[in-house]
Amino acid sequence: MLAPVTEVWNHRSIVMNLTQRELKAKYKKSVLGWLWSLLNPASTLLIYSVVFGVFLKVVPPVAGNGELKNYAVYLFTALVVWNFFNAAVVGSMEGMVGAGPLIRKVYLPPECIPLSVVLAAVLQTVIEAGLLVAVMIAVGNVSLTFLLFPVLLVLLMLFSTGVGLVVAMMNVYYRDVRYLVTIALLFLFYATPIIYTIDLIPEEHWGLPMRDIVEANPLTQFVEAARSIFYLLEVPALDTWAYLVAVAVGSLALGWWLFARRSAELAEEL
C-alpha cells in the first residue's frame, strides 16, 4: 500500500491542479457563481427547519450558553458534517467516471481523482463552517471548543476519502453502484440523528438495541461531535475521539487498499 501512497505524493501537484479544476467547474457559467455555496445549504436548512422544527416540532436541547434553544442552528451544525460526506462520496463516483478521457491520455495515479474531489469539498465545508461560526457569534453561543473543528474535519476527510475510493472504484465496473449509493445515502441520512435528536430513538425496538446500533454509525459520532463542539460547547469525550480516529484511519486504509488492487485496470474500464 505504501507504493501507491508514495506515487500519489509524487503527483501532488496534479492533485492540486485537479482540485482547482474541480472548483472552477463547480459553478461554471452560473450567474450567481460561488454564492450557491451559501444558497444551497441555506435552502436545505430552511426546508428541514420548517418541516421538522415547525410542523413536526422537534425540540433541540439547550445550547452551551444555557439560553439558546434553536432547531435551525442545531440542524445546521449536523448538516455541515453531512454535506461534506455526501459531496465527497457522490463527487468521487462522478469525478472518476468523468476523468476517463484524461486517464487514458495522461498517466496519473487514479487515486488522484477522488482525492481532488474531497479536497474541493473541504473548501465548501470551510465556507459553511465559517457561516456557522458567524451565526454562533451572533446568538452568543461561543467557546474555544470551536478550535477542535479542524481536527474533526481532518478525521471526517479521511473517513470520507476511504468510502469515496471504494464507491468510485466499484462504480467504474458496475454503473448500477451509483444508483445503489444514492439509495444508501438517503437511508443513511435518516438513520443518522441529523434532523432529530438521538434521544428520540428507542433504546430497544423489535428486540434490537436500536440506539446502540445508531450510535455505532460513524456518521452519528461525527455529527454528535460537531454538535458538542459548536452547539453544546463541550469537548467530545476521549472515547469518542478514539472511535473517530479508528474509523477514519480504518476507512482510509481499507478504501485505499481496495482501490489500489484494481487501479491498474481502471483506465481500460473507463
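## Briefing: an all-helix predicted model

Leu115 has its place in helix α6. With 16% relative accessibility, Leu115 counts as buried, because the cut-off for that label is under 20%. Its C-alpha atom is 9.3 Å from that of Met16, although the two residues are 99 apart along the chain. Keep in mind that this is a predicted model. The secondary structure comes to 11 helices and 0 strands.

**The chain overall**

- Going along the sequence, you read α-α-α-α-α-α-α-α-α-α-α.
- The chain has 270 residues, and 46% of them are buried.
- Take the contacts in the chain with a separation of 6 or more: 79% of them come from residues 24 or more positions apart.
- About 13800 Å² of the chain is exposed, and carbon and sulfur atoms supply 67% of that area.

**Nonpolar cores**

- The largest nonpolar core holds 56 residues, and the members that touch the most others are Leu152, Ile194 and Phe222.
- Seen by element, α4 (71-98), α6 (112-139), α7 (149-173) and α8 (176-191) are among the helices that each supply at least two residues of this core. The list also includes α9 (210-216), α10 (218-230) and α11 (238-269).
- Helix α4 gives the most to this core, at 15 residues.
- What does Phe222 touch, leaving out residues up to four places away in sequence? The partners are Val81, Leu152, Leu155, Leu156, Phe159, Leu244 and Val247. Leu152 thus turns up again here, as a contact of Phe222 and as one of the members that touch the most others.
- There is also a second, separate core of 16 residues, with Met96, Leu108, Ile113 and Trp256 among them.

**Aromatic pairs and a charge over a ring**

- The structure holds 8 aromatic pairs.
- One of them is Phe146 with Phe230, a tilted pair at 5.1 Å centre to centre with 50 degrees between the planes. Phe146 sits in the loop between α6 and α7 while Phe230 belongs to helix α10, so this pair ties together parts 84 residues apart in sequence.
- Are the two partners buried or exposed? Phe146 is buried, with a relative accessible area of 12%, and Phe230 is buried too, at 1% relative accessibility.
- Phe230 also pairs with Phe149, and this pair is tilted as well: 5.1 Å centre to centre, 50 degrees between the planes. The link is again between distant parts of the chain, with Phe149 in helix α7 and Phe230 in helix α10, 81 residues apart.
- Phe149 is buried, its relative accessible area being 9%.
- Elsewhere, ring pairs join Trp82, Phe85, Phe159, Phe189, Tyr190 and Phe222 into a cluster. Two names from that cluster, Phe159 and Phe222, also appear above as contact partners.
- If you like cation-over-ring geometry, look at Arg227: its charged end sits over the ring of Tyr74, 3.7 Å from the ring centre.

**A buried polar pair in α6**

- Gln124 is found in helix α6, and Glu128 has its place in helix α6 as well.
- Where do the side chains of Gln124 and Glu128 meet, in terms of distance? A polar contact of 2.9 Å joins them.
- Gln124 counts as buried because its relative accessibility is 13%, under the 20% cut-off.
- Glu128 is buried as well, with a relative accessible area of 3%. So here the 2.9 Å polar contact joins two residues that both count as buried.

**A buried residue in α11**

- Phe259 has its place in helix α11.
- How accessible is Phe259 in relative terms? The relative accessible area of Phe259 is 0%, so the residue counts as buried.
- Phe259 and Met170 lie 89 residues apart in sequence, and their C-alpha atoms are 8.7 Å apart in space.

Conventions: Residues are numbered from 1 along each chain as its sequence is written. This is a predicted model: local features need pLDDT of at least 70, side-chain atom pairs count only at pLDDT 80 or more; totals for chains, interfaces and linings use all residues. Side-chain values use heavy atoms; hydrogens and water are left out. A nonpolar core is a set of buried Ala, Val, Leu, Ile, Met, Phe, Trp, Tyr and Cys residues joined through side-chain atoms within 4.5 Å. Buried means under 20% relative accessible area, exposed over 50%, partly exposed in between (1.4 Å probe, protein chains only). Helices (H or I, at least four residues) and strands (E, at least two) are DSSP runs, numbered from the N terminus. Contact means heavy atoms within 4.5 Å. A polar contact is a pair of N or O atoms within 3.5 Å; within protein, one must be able to donate a hydrogen and the other to accept it, and residues adjacent in sequence count only if both atoms are side-chain atoms. Accessible areas come from the Shrake-Rupley method with a 1.4 Å probe; for residues, only the protein chains shown count as cover. Rings of Phe, Tyr and Trp (its six-membered ring) pair if their centres lie within 6.5 Å; planes under 30 degrees apart count as stacked, over 60 as edge-to-face and the rest as tilted. A charge sits over a ring if NZ of Lys or CZ of Arg is within 6 Å of the ring centre and within 35 degrees of the ring normal.
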